[in-house]
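Got your viewer open? Load the model and follow along, one selection at a time.

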Amino acid sequence: EAILKTAKALVEDTKALVAGAASNQEQLAVAAQNAVRTIVNLSDAVKNGAVSLSSDNAEAQVMVIHAVRDVAAALSNLIQATKNASGRSLHDPAMGYLKEAAKIMVTNVTSLLKTVKTIENEHQRGERALEAAIEAIGQEISLYDSGEAPSRGGATAEDLIRSTKQLTAATARAAAAAQTLQQSDIIAAANIARQSVCDLLATTRAAALSADSADARYRTLDCGREVAVQVRSLLITLQALTIRRDDPHARDALLEASRRIAKVVGELVNCGELLKGDSWTDPSDPTAIAEN
């Protein structure tokens, strides 16, 4: 009840923020403060709800915490979009970005409520985790495409290659979940996949900045995006399999999705190798250690 009440208040705060863009700075500041206060209350309510789950439901706890993080991130983007749109005309592109940010905010609040409700029904948790992960990865891709994704600082070619290994492990986890179709396995696979994609996109964007040429940079960025797209496709296929468990076509589609991921991950690794350049030496190589 506390989560539902606070989430509804946050939706009202979202409306006030959008309206605040067309009003004065004072009203906008008040709307932003109210929204931040509400998200803090929502976080507390969700954390209390997550703590009430038994230790056997660790993955369900992660699923709930992911959902509230998505809402917090959407609110941060909405506040920034509101600031950018403040005082602009209705036809200004900033207003379009504001409307999109508000839509994502409402989508994520709705997703959080669905997640909380699903926790009460163990048989729906896996499907809900996949649905949330698919939506989250889609938003990450959109943010990646916009060039407004938060920076993680510097990243090396080795960081990029390391992130592909984490994603490969996440893909294997999803394939294993497809075999068991156990709720806990599906939830874990969804949670790990979304986190791996988030990390990979941030690392790819940061590593691409060190490319020697524009061609290498854009190729790296494109490969990173394609990996995320294919992982999302894999989760959609796994979701279909949870609904049609005995459908051989769904299992064939899952296998094909895994193969596509392996292919695009290989291409991204090649980009990482190119980013190293001819002068790069493996710090773990015995020769390099001896020389130093």
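Start with the whole protein in surface view: of its 292 residues, 43% count as buried. Keep in mind that this is a predicted model. The accessible surface adds up to about 15400 Å², and carbon and sulfur atoms own 52% of that.

Now switch to cartoon. You'll find 10 helices and 0 strands, so to speak a run of α-α-α-α-α-α-α-α-α-α from one end of the sequence to the other. Among contacts in the protein with a separation of 6 or more, 76% link residues 24 or more positions apart.

Next, go inside. Select Leu167, Val227 and Val231: in the largest nonpolar core, which has 46 residues, these three touch the most other members. Then colour helix H5 (125-146), helix H6 (157-180), helix H7 (183-208), helix H8 (214-243) and helix H9 (248-276), since each of them supplies at least two residues of this core. H7 gives the most, with 11 residues.

Stay with Val227 for a moment. Which residues is it in contact with, leaving aside neighbours within four places in sequence? Show Leu167, Leu200, Val264, Val265 and Leu268, and you have the set.

There's a second, separate core to visit as well: it has 31 residues, including Ala32, Ile39, Val68 and Met95.

Last stop, the rings. Select Arg205 and Tyr144: Arg205 lies over the face of Tyr144, at 4.7 Å from the ring centre. Then pick Arg217 and Tyr218, where the charged end of Arg217 sits over the Tyr218 ring, 5.4 Å from its centre. Hunting for aromatic pairs? The structure holds 0 of them.

How values were computed
Residues are numbered from 1 along each chain as its sequence is written. This is a predicted model: local features need pLDDT of at least 70, side-chain atom pairs count only at pLDDT 80 or more; totals for chains, interfaces and linings use all residues. Side-chain values use heavy atoms; hydrogens and water are left out. Rings of Phe, Tyr and Trp (its six-membered ring) pair if their centres lie within 6.5 Å; planes under 30 degrees apart count as stacked, over 60 as edge-to-face and the rest as tilted. A charge sits over a ring if NZ of Lys or CZ of Arg is within 6 Å of the ring centre and within 35 degrees of the ring normal. A nonpolar core is a set of buried Ala, Val, Leu, Ile, Met, Phe, Trp, Tyr and Cys residues joined through side-chain atoms within 4.5 Å. Buried means under 20% relative accessible area, exposed over 50%, partly exposed in between (1.4 Å probe, protein chains only). Helices (H or I, at least four residues) and strands (E, at least two) are DSSP runs, numbered from the N terminus. Contact means heavy atoms within 4.5 Å. Accessible areas come from the Shrake-Rupley method with a 1.4 Å probe; for residues, only the protein chains shown count as cover.
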